[in-house]
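Here are some exercises to work through with the structure open beside you. Try each task on your own before you read the solution.

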Amino acid sequence: MNISEHITLAESYKSQIAERYGISNIPPKEVLPAMKLVAEMCFEPIRKHFGVPIAVTSFYRCEELNKKVGGSKTSQHVKGEAMDIDADIFGGITNRQIFEWAKYNLKFDQLIYEYGDVNNPAWVHISYKKTGNRNQVIKVP
């Protein structure tokens with residue numbers, strides 16, 4: 001089963017931390033629609049625009065995993081509404097390019113420039129909700 005054209009269900013919940021600590025991170029059926037929505041509204045347009053592979057480094061997180069990784073208590077990852085992506089893994093484009101393109105071309109709830117340096121984030125967090133998207137742009141130092 002796929003979440004979208006370029007994201008498999010297994011890829012959407014894979015986590016080295018979950019594996020290391022024996023945490024089952026398989027998403028419940030009720031979060032799948034939210035996961036499909038953020039993939040279709042955010043990830044797929046980015047992937048199609050740049051035409052290169054982009055790694056999904058964190059998508060769904062069960063509450064136990066979210067707590068283990070130090071995620072926010074209100075993390076949209078737990079609801080299946082957020083994903084962290086990283087183009088630098090494959091090369092060809094940068095996370096900065098993804099961030100800038102998404103900022104000006106997509107509707108989203110939050111777009112976060114996560115860590116890295118002034119030239120390039122370590123990864124890009126993007127979220128999307130069925131309703132009430134804020135188009136909030138954040139930079140985490």
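A first note: this is a predicted model.

**Exercise 1. Which secondary structure elements each supply at least two residues of the lining of the largest pocket? Then describe that pocket.**

Step 1. Look for the elements. Helix H2 (16-21) is one of them, and the strands to find are S3 (55-58), S5 (110-114) and S6 (123-127).

Step 2. Add the volume, which is about 690 Å³ for the largest pocket.

Step 3. Now go to the lining. It has 26 residues, and those nearest the centre of the pocket are Ser58, Arg61, Val69, His77 and Asp84.

Step 4. Sort the lining by class: 13 residues are polar, 8 are nonpolar and 5 are charged.

**Exercise 2. Which residues line the second largest pocket, and how do they divide by class?**

Step 1. Begin with the space inside the second largest pocket, about 150 Å³.

Step 2. Find the lining residues in the model. They are Glu63, Glu64, Asn66, Lys67, Gly71, Ser72, Lys73, Thr74, Ser75, Val78 and Lys79.

Step 3. Put each residue in its class. You should get 5 charged, 5 polar and 1 nonpolar.

**Exercise 3. Is histidine 77 buried or exposed, and what is it in contact with?**

Step 1. Locate the residue. Histidine 77 sits in the loop that runs between helix H4 (63-68) and strand S4 (82-86).

Step 2. Check the relative accessible area. For histidine 77 the value is 2%, and buried means under 20%. Histidine 77 is therefore buried.

Step 3. List the contacts, leaving aside neighbours within four places in sequence. Histidine 77 is in contact with Ser58, Phe59, Tyr60, Arg61, Ala82, Met83, Asp84 and His125.

Step 4. Link this to Exercise 1: His77 is among the residues nearest the centre of the largest pocket, and so are Ser58, Arg61 and Asp84.

**Exercise 4. In what order do the strands of the open sheet lie, and why is one side of S3 and of S7 left without a neighbour in the sheet?**

Step 1. Read across the sheet. Its 5 strands follow the order S3-S4-S6-S5-S7, and the pairing is mixed.

Step 2. Look at the two ends. S3 and strand S7 (136-140) stand at the edges and have a single partner strand each, so one side of each lacks a neighbour in the sheet.

Step 3. Add the twist, which averages 25° from one strand to the next.

Step 4. Recall what holds such strands together. Strands of a sheet pair through backbone hydrogen bonds, in either a parallel or an antiparallel way.

Step 5. Take the pairs in turn. S3 and S4 are antiparallel, with 3 bridges, and valine 56 has isoleucine 85 in S4 as its bridge partner. S4 and S6 also run antiparallel and are joined by 4 bridges; here aspartate 84 is partnered by histidine 125 in S6. Between S5 and S6 there are 4 bridges, again antiparallel, and tyrosine 113 stands opposite valine 124 in S6. S5 and S7 pair in the parallel sense over 5 bridges, with valine 140 in S7 as the bridge partner of glutamate 114.

**Exercise 5. Which residues of S4 and S5 point one way, and which point the other way?**

Step 1. Start with S4. Ala82, Asp84 and Asp86 point one way, while Met83 and Ile85 point the other way.

Step 2. Do the same for S5. Gln110, Ile112 and Glu114 point one way, while Leu111 and Tyr113 point the other way.

Step 3. Check how covered the strands are. In S4, 5 of its 5 residues are buried, and in S5 the count is also 5 of 5.

**Exercise 6. Is asparagine 2 buried or partly exposed, and which residues does it touch?**

Step 1. Find asparagine 2 in strand S1 (residues 2-4).

Step 2. Consider its relative accessible area of 40%, which makes asparagine 2 partly exposed.

Step 3. Not counting residues up to four places away in sequence, asparagine 2 touches Ile7, Thr8, Leu9 and Lys36.

Step 4. Look at one of these in particular. Lysine 36 is 34 residues from asparagine 2 along the chain, and their C-alpha atoms are separated by 8.8 Å.

Technical notes: Residues numbered from 1 in each chain as written. Predicted model: local features only at pLDDT ≥ 70, side-chain atom pairs only at ≥ 80, totals over all residues. Heavy atoms only, no water. 1 Å grid on protein atoms, 1.4 Å probe; cavity = no way out; pocket = protein on both sides within 12 Å on 5 of 7 lines; lining within 4 Å. Points joined across faces, edges and corners; volume = space filled by probe spheres on them. Nonpolar A, V, L, I, M, F, W, Y, C, P; charged D, E, K, R; others polar. Buried < 20%, exposed > 50% of the residue type's maximum accessible area, 1.4 Å probe, protein only. Contact = heavy atoms within 4.5 Å. Pairing = 2+ DSSP bridges. Axes fitted to C-alpha atoms, helices over the stretch in contact; angles between N-to-C directions.
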